[in-house]
Amino acid sequence: RPSAAKTMAVLSAGNDVTVFEATLLADRRLARVDILRRSARGFDLYEVKSSSFDPVDAEKRIAKTGSPFRNLTKGFAISSAWREYLEDVTYQVTLLKDLFPGVPVRPHLILMDKGKVAAHDGMPSWFRIVRRDDGRLHSAEFVGDPVLARRDPLTIGLDVSAEVAELEPEVREATTVFLGSIAPELTRLAAPIGGHCKSCEFRVAADEAKNGFLECWGDRGRVTPHVLDLYNGRDFREELIAEGIDRIHDIAEARFEGRSGKIAARQLIQVEQTRRDAEWVDPPLADALRAVQWPLHFIDFEAARIAVPHHKGMPPYGQLAFQWSCHSLAGPGATLSHSEFLDRDATWPNERFARSLRDALGDQGTILVWSPFEKSVLNAVADDLSALGSGDTDLANWLRATARPPGAEQSRQVDMLKLCREHYYHPGMGGSNSIKAVLAAVWASSPEARARFAEIKGREGDPVLGPYATLPPALIGGAQE
């Protein structure tokens with residue numbers, strides 16, 4: 001209340017005032033506005049988001065719908081990608097309108113503009129992280145040059161008045177419903193169960209004292225394996241839940257008749273093998289593994305897309321490749337060798353990343369990955385060489401050749417995620433094809449895998465502990481982890 005009173009006093013005193021983190025309080029409704037400016041024209045309300053704005057995509061949408069925030073399909077509804085942000089702005093606008101009746105309000109979204117590039121190196125150092133006494137993040141303080149920041153902005157401001165006007169009746173109606181749940185007495189709003197519950201943040205262990213998932217689902221949420229863990233296909237899960245089917249075991253195989261496509265096929269395999277509690281290996285998997293060319297290179301990258309670029313010439317969320325690791329096998333039965341790269345230099349790392357990777361991989365052998373991520377990083381680095389690096393044509397060509405997708409002519413890559421999704425299943429994976437889920441399932445059921453681990457690391461593999469807990473400890477930050 002003190003913050004709200006202070007905000008009202010400042011805004012009521014007159015025009016030409018800007019308030020950061022303005023607190024609006026009307027009845028039982030509370031909102032924090034990132035930036036609120038009052039002038040003779042009325043209010044300009046600015047909601048700042050770290051999301052990126054793609055001017056190329058926006059141009060297409062504006063040409064067809066008049067707005068960068070609408071779907072291109074008939075009806076031109078507000079896109080789900082932007083709807084939550086726009087509802088947030090709309091709610092703030094409703095409070096401001098009610099507190100200052102008759103004063104015009106112009107709402108804006110401030111976004112990172114991918115059409116711009118950094119004019120300076122080291123821009124993240126323009127901000128200092130401020131932490132609380134307990135070490136938790138409190139805020140970020142700008143310590144850079146405000147003249148440069150204003151002269152070379154990486155953001156774009158967009159008027160969202162039309163979208164807010166469209167959403168205002170709906171947001172006011174929802175607000176009334178929520179207000180009714182807290183006054184005159186606190187009342188739980190009914191939450192319909194369905195496929196959306198798969199990602200519920202309150203879905204914790206069934207024996208937890210406080211389990212928000214079970215408060216909605218009751219005993220239907222205690223079964224295992226749960227239908228929510230069925231691979232992909234949200235609409236199909238919705239059908240099953242609506243019919244009262246909660247266990248994967250209870251999905252009749254007849255339900256898959258007439259359903260085609262890879263998703264349905266994968267779901268059927270999951271249901272069948274879960275019921276049998278048995279591993280499934282498709283014969284083409286062995287053929288694919290026999291087709292690899294020695295030496296074998298198992299690679300993994302770490303990269304980052306940061307809102308405020310580290311390096312001059314990079315756009316917001318440009319690809320920053322700073323680490324790779326590689327395990328190589330020269331031939332059958334060979335000793336596993338390891339190579340790695342970690343860049344700690346303050347200058348653009350991508351070219352050093354690429355050169356060191358080429359030295360490690362050369363031009364021979366199959367490169368094994370898990371997902372298309374490595375391919376996308378290689379192509380991004382190749383694209384940036386001319387703008388940010390030396391423009392080395394040979395290096396760019398090597399990157400693009402190495403990035404050829406699995407199955408393409410002369411491709412060196414094998415995507416093990418794709419092989420797993422199409423040719424392998426273990427009930428321990430549930431509905432996940434994450435490398436962590438697959439490894440844990442194989443580890444628990446395969447003495448051969450644990451024996452190979454013992455051969456490489458000199459430590460016995462424990463099927464109960466799992467692969468990660470069995471790794472030897474490492475000294476990280478002064479502690480054994």
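Helices here (H or I, at least four residues) and strands (E, at least two) are DSSP runs, numbered from the N terminus. With that in hand, here's a quick tour of this predicted model. We'll look at a five-stranded open sheet, then at a few backbone spots worth finding on screen.

**The sheet**
- Follow the strands across and you get β11-β10-β9-β12-β13, with mixed pairing.
- The edges belong to β11 (337-342) and β13 (413-415); each has a single partner strand, so one side of each is left without a neighbour in the sheet.
- From one strand to the next, the twist averages 25°.
- β9 (residues 296-305) and β10 (residues 319-329) run antiparallel, joined by ten bridges.
- To spot one pairing, start at A303: its bridge partner in β10 is A321.

**Helices lying across it**
- α10 (residues 350-361) lies across β9, β10, β11 and β12 (366-369), at about 10° to β10.
- α11 (residues 373-388) lies across β9, β10, β12 and β13, and runs at about 65° to β9.

**Cis peptide bonds**
- T224 and P225 are joined by a cis peptide bond, with omega about -10°. You'll find P225 in the loop between α6 (212-217) and α7 (234-242).
- W294 and P295 are also linked by a cis peptide bond, and omega there is about 0°. P295 sits in the loop between α9 (284-290) and β9.

**Positive phi without glycine**
- D277 isn't a glycine, yet its phi is positive, near 55°. This residue lies in the loop between α8 (262-276) and β8 (280-281).
- D277 is exposed, with a relative accessible area of 61%.
- Y317, another non-glycine residue, has a positive phi near 60°, and its place is the loop between β9 and β10.

Terms used:
Residues are numbered from 1 along each chain as its sequence is written. This is a predicted model: local features need pLDDT of at least 70, side-chain atom pairs count only at pLDDT 80 or more; totals for chains, interfaces and linings use all residues. Side-chain values use heavy atoms; hydrogens and water are left out. Two strands pair if DSSP finds at least two bridges between them. Axes are lines fitted to C-alpha atoms, for helices over the stretch in contact, and angles run from 0 to 180 degrees between N-to-C directions. Contact means heavy atoms within 4.5 Å. Buried means under 20% relative accessible area, exposed over 50%, partly exposed in between (1.4 Å probe, protein chains only).
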